[in-house]
Amino acid sequence: MSYPFKEIEEKWQEAWTKSKSFNARADLKRKKYYLLEMFPYPSGKIHMGHVRNYTIADVAARFKIMQGFNVLHPMGFDAFGQPAENAAIKNKTKPRIWAYKCIEWMKIELKKMGFSYDWERELSTCDSDYYKWNQWIFLKMLEQGLAYKKSSSVNWCVACETTLANEEVIEGECWRCHTKVEQKDLEQWFLKITEYKERLLEDLKQLKDWPERVLSMQTNWIGKSPGVQVDFKLKDSKKIIPVFTTRADTIFGATYIVLAPGHPLVKEIIKGNPEEKKVLRFIEKTSKASKAIREATEVKKEGIFTGCFAVNPVNNEEVPIWVADYVLMEYGSGAIMAVPTHDQRDFLFAKEHGLPMRIVIKGQDSAKDMNEAYEGDGIQVNSGQFNGLINKEAKIRIAEWMQETGIGKIETHWRLRDWLISRQRFWGTPIPIIYCAKCGIVAVPYEDLPVKLPPDAPFTGEGGSPLGKVKEFVNTPCPKCKAPSRRETDTMATFFDSSWYFLRFCSPKFEKAPFDVGEVKYWMPVDQYIGGIEHAILHLLYSRFFTKFFKDLGMIEFDEPFKRLLTQGMVLKDGEVMSKSRGNIVDPDSIIKNYGADTLRLFILFAAPPETELEWDDRGIEGAFKFLNRVWRIQDNFPAMPSGVQAVSRPIAGKVWREKDKADPALLRVLHKTIKKVTADIEGFKFNTAIASLMELTNAIYQSGADKKVFQTLVILFSPIAPHLCEELWQILGNKESICKQKWPKYDPHLLVEEKVTIAIQVNGKVRSKIEIPADISEEKLKASVLADEKLKPWLQGRPPKNFIFVPRKLVNIVV
RNA sequence: GCGGACGUGGCGGAACUGGCAGACGCGGUAGCCUUAGGAGCUAUUGGGGAAACCCUUGGGGGUUCAAAUCCCUCCGUCCGCACCA
């Protein structure tokens with residue numbers, strides 16, 4: 001027998017919708033709180049990951065509302081993208097129909113969870129009302145020189161038949177279908193995110209409430225490495241080999257240089273020399289070894305001498321030039337100066353091939369027979385005029401000196417590349433560009449936006465963009481000269497859509513611009529953003545980039561879109577991520593059916609803190625359900641079964657509410673402790689411990705007897721977590737107004753004070769006794785009664801205490 | 001290799017700025033109630049020991065009256081980046 005969760009949940013979901021309980025209005029007189037979850041891709045069904053993400057957010061939203069904040073808590077759908085296209089091909093329907101159907105299904109499931117969304121702000125990125133503004137933003141970027149087209153070797157997924165951003169290539173494979181990514185030369189649209197690299201890096205410092213992990217991933221990805229480009233002259237030639245180094249302090253120890261096998265100079269310099277054939281053979285061999293093999297860990301570094309020499313510009317020493325596969329053409333200048341004494345890779349290579357070494361930085365323990373490179377700090381030696389300096393300083397001084405004398409140039413290398421946004425796909429935002437034979441690349445005029453996707457296109461699943469096959473779409477007059485022209489048939493990467501949706505939510509129906517500047521000024525930035533760690537780099541980096549772009553346009557005044565970020569952990573089953581292929585999926589809908597949404601919410605919040613992985617546990621669900629029933633039964637003053645069913649013959653406590661004037665002071669103390677704890681815990685997203693203390697309060701009520709006032713407060717405190725149950729109990733207790741509108745309770749510090757406390761008495765740090773004493777006892781008095789304690793006699797053995805430490809309310813430690 | 005997070009009962013996990021380790025829950029045990037219990041309630045539950053006691057936060061060392069918490073060192077797990085010069 002259990003509480004009637006089904007009726008209750010349906011009843012209140014309907015009531016909330018009807019009364020528009022969660023619809024937000026900007027109000028300058030009130031403090032705002034913008035809470036946002038990463039919006040879902042409408043696959044049609046919600047999974048446990050969604051449930052966890054959105055439950056965490058929902059508790060925070062309801063809590064903030066009760067605290068009096070003006071809360072914005074919107075929901076929408078990231079609806080463009082390949083899966084809809086693939087599903088359309090498979091099910092012989094159209095992506096649009098498919099997508100909107102999925103959105104409907106998904107909304108039904110979200111509503112069944114009782115989430116407090118402002119559904120009037122719902123948006124879908126596949127609406128032309130939305131993607132019109134993608135196009136608008138693109139054109140603005142084009143005007144600013146931030147969107148450009150170039151032909152380049154791009155990542156190409158054969159299976160998806162589209163290009164991929166660097167960010168979408170994981171270990172050489174397509175992030176979505178895991179097909180090996182190939183390189184292909186194509187004309188593509190790029191966004192100049194690199195223009196913002198300094199700010200994207202610098203402003204990470206503002207993000208004090210972001211997880212360390214995400215900050216470090218972003219830093220890593222942007223990959224700033226300051227250094228020097230040094231020009232090594234080729235011996236007996238005017239040719240120059242530029243190398244890049246971050247360790248200018250080691251340049252006097254550069255005893256050879258290495259070119260990447262693909263370096264354009266290699267073939268030039270070996271021409272006609274005796275080593276030519278051997279070197280060519282080596283290059284051919286290494287080029288065959290694919291990137292994947294090369295990346296397989298601990299491959300032996302292979303290389304070959306070119307027969308040529310270069311001159312180290314700092315000491316005019318001749319150094320041999322080698323070609324080796326451990327130098328990559330893709331990074332820096334494709335050439336390095338090798339310092340075997342202070343770089344482990346160079347060290348291994350030099351050992352292998354008997355190349356010279358020279359120590360230039362003395363570590364604390366300067367080893368004569370090195371068996372590995374010394375990469376730490378130390379004093380410069382063998383470094384000309386820089387001898388005696390600490391290498392950290394020498395690094396700067398040498399760089400400056402090289403810059404002054406023209407030997408080198410201070411430079412910074414970045415890992416971050418411009419963002420490729422062209423996709424050869426149908427289900428995305430058309431790039432608003434027209435190609436005219438006479439005028440060239442022409443932007444679609446703003447007044448002609450949106451460039452709408454045609455209602456239909458042939459989906460064969462064969463190569464090429466489906467848009468290219470829709471004549472009515474492709475053929476269009478040039479906006480400038482009216483000559484027959486062609487539209488761009490590529491669409492935008494869907495990460496474009498999600499890079500600014502948080503701004504659109506502030507004024508989702510605004511018609512004059514992507515967003516209403518005034519509304520955004522009130523609501524933004526997002527106070528709390530919640531989503532999966534898988535978006536730690538891409539989505540968050542792009543969103544930060546867009547935000548800075550809007551700031552430069554003068555449309556917003558802040559630098560960073562998301563003040564606080566929480567990345568929730570994954571939901572696992574049997575230690576593995578839930579997935580179709582593993583067949584270990586637990587469907588949220590079936591849990592809702594059998595136990596109700598409140599049980600699911602409670603379990604998912606209680607089982608683990610939000611950031612850590614959560615192991616699914618059917619028994620945990622039972623436990624959560626049991627607790628809800630336990631709370632429910634308080635209204636009946638704890639009969640074992642709900643009213644209507646036969647009650648147990650032996651009541652646990654009084655069957656009636658306690659008399660008003662007979663409050664139990666101990667219970668009151670627990671209550672106020674709970675208020676304090678739950679408030680702090682929800683504030684800090686520690687829901688598991690918040691729930692634990694609510695359980696303690698419930699246990700205390702069972703012990704002490706039913707107290708209506710205490711119970712009312714428990715119901716309020718519990719309501720963000722189990723809103724349906726609490727709303728019903730609230731009504732049963734005789735309240736008319738929704739519990740969502742109740743003020744969050746405050747604890748009374750006076751009631752927390754305990755008159756008597758039990759403190760531990762330690763002798764030499766070990767607990768030997770406990771005594772109950774008045775909380776505010778003086779140390780003198782305490783000392784007297786402690787030393788009189790019989791239990792301590794054997795431990796003290798009459799020895800006088802050397803030290804007597806008293807931590808009020810906690811313990812006493814006697815040192816003898 | 002670099003960067004980040006972490007390591008606590010049979011399990012999920014608590015422990016504020018160093019102050020009684022193991023809150024809360026799951027599971028277990030015993031009892032009550034019941035025609036019945038996979039419901040409910042009560043008690044108990046880190047390990048060893050008959051007990052007094054002893055041991056216990058990955059291992060070792062240190063600081064301290066006092067360490068899961070701080071420092072050093074080693075081991076291990078997870079994540080991100082990666083022949084990045």
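# Exercises on a predicted protein–RNA model

The axes of helix α20 (residues 618-632) and helix α24 (residues 723-732) come within 11 Å of each other and cross at roughly 10°. The model is a predicted one, and the exercises below start from this helix pair before turning to the RNA strand, to three single residues and to the chain as a whole.

## Exercise 1: the helix pair

Decide whether α20 and α24 are roughly parallel or roughly antiparallel, and describe what kind of residues meet between them.

Step 1. Two packed helices are described by the angle between their axes and the distance between the axes.

Step 2. Angles under 35 degrees count as roughly parallel, and the crossing angle here is roughly 10°; the two helices, α20 and α24, are therefore roughly parallel to each other.

Step 3. From α20, the residues Leu628, Val631 and Trp632 take part in the contact, and they meet Leu725, Glu728, Leu729 and Ile732 of α24. Sorted by type, the residues of this contact comprise 6 nonpolar, no polar and 1 charged.

## Exercise 2: the surface around RNA strand B

Work out which residues come nearest to RNA strand B, and which parts of the strand the protein approaches.

Step 1. There are 49 residues around RNA strand B, and those that come nearest are Lys301, Tyr326, Arg345, Ala607 and Lys770. By type, the surface near the strand divides into 19 nonpolar, 10 polar and 20 charged residues, and its largest share, 6 residues, is supplied by helix α22 (residues 687-704).

Step 2. Of the strand's atoms within 4 Å of the protein, 65% belong to sugar or phosphate, while the rest belong to bases.

Step 3. Individual atom pairs illustrate both kinds of approach. A polar side-chain atom of arginine 415 lies 2.9 Å from a phosphate oxygen of the strand, and an N or O atom in the side chain of arginine 768 is 3.2 Å from a phosphate oxygen. For leucine 328, by contrast, a backbone N or O atom lies 2.6 Å from a base nitrogen.

## Exercise 3: three residues and their surroundings

Classify serine 499, threonine 476 and proline 609 as buried, partly exposed or exposed, and describe what surrounds each of them.

Step 1. Serine 499 sits in the loop between α14 (494-497) and α15 (501-504), and it is buried, with a relative accessible area of 0%. Its side chain reaches the backbone oxygen of phenylalanine 495 at 2.6 Å, and, apart from neighbours within four places in sequence, serine 499 is in contact with Trp419, Tyr542, Ser543 and Phe546.

Step 2. Threonine 476 belongs to strand β21 (residues 475-477). Since buried means under 20% relative accessible area, threonine 476, at 12%, is buried. Not counting residues up to four places away in sequence, threonine 476 touches Ile434, Ala483, Pro484, Ser485, Arg486 and Arg487.

Step 3. Proline 609 lies in the loop between α19 (597-606) and β28 (614-615), and with a relative accessible area of 30% it is partly exposed. Beyond its neighbours within four places in sequence, proline 609 is in contact with Arg52 and Asn688; the C-alpha atoms of proline 609 and lysine 686 are 6.1 Å apart, although these residues are 77 apart in sequence.

## Exercise 4: the chain as a whole

Summarise chain A by its secondary structure, its extent and its contacts.

Step 1. Chain A has 27 helices and 32 strands, and its C-alpha atoms fill a box of roughly 105 × 90 × 50 Å along the principal axes.

Step 2. Of its 816 residues, 53% count as buried. Among contacts between residues at least 6 apart in sequence, 71% join residues at least 24 apart.

Conventions. Residues are numbered from 1 along each chain as its sequence is written. Chains are lettered from A and ligands numbered from 1 in the order in which they are written. This is a predicted model: local features need pLDDT of at least 70, side-chain atom pairs count only at pLDDT 80 or more; totals for chains, interfaces and linings use all residues. Side-chain values use heavy atoms; hydrogens and water are left out. Helices (H or I, at least four residues) and strands (E, at least two) are DSSP runs, numbered from the N terminus. Buried means under 20% relative accessible area, exposed over 50%, partly exposed in between (1.4 Å probe, protein chains only). Contact means heavy atoms within 4.5 Å. A residue is near a molecule or strand if one of its heavy atoms lies within 4 Å of it. A polar contact is a pair of N or O atoms within 3.5 Å; within protein, one must be able to donate a hydrogen and the other to accept it, and residues adjacent in sequence count only if both atoms are side-chain atoms. Ala, Val, Leu, Ile, Met, Phe, Trp, Tyr, Cys and Pro count as nonpolar, Asp, Glu, Lys and Arg as charged, and the others, Gly among them, as polar. Axes are lines fitted to C-alpha atoms, for helices over the stretch in contact, and angles run from 0 to 180 degrees between N-to-C directions. Angles under 35 degrees count as roughly parallel, over 145 as roughly antiparallel, 65 to 115 as roughly perpendicular and the rest as oblique.
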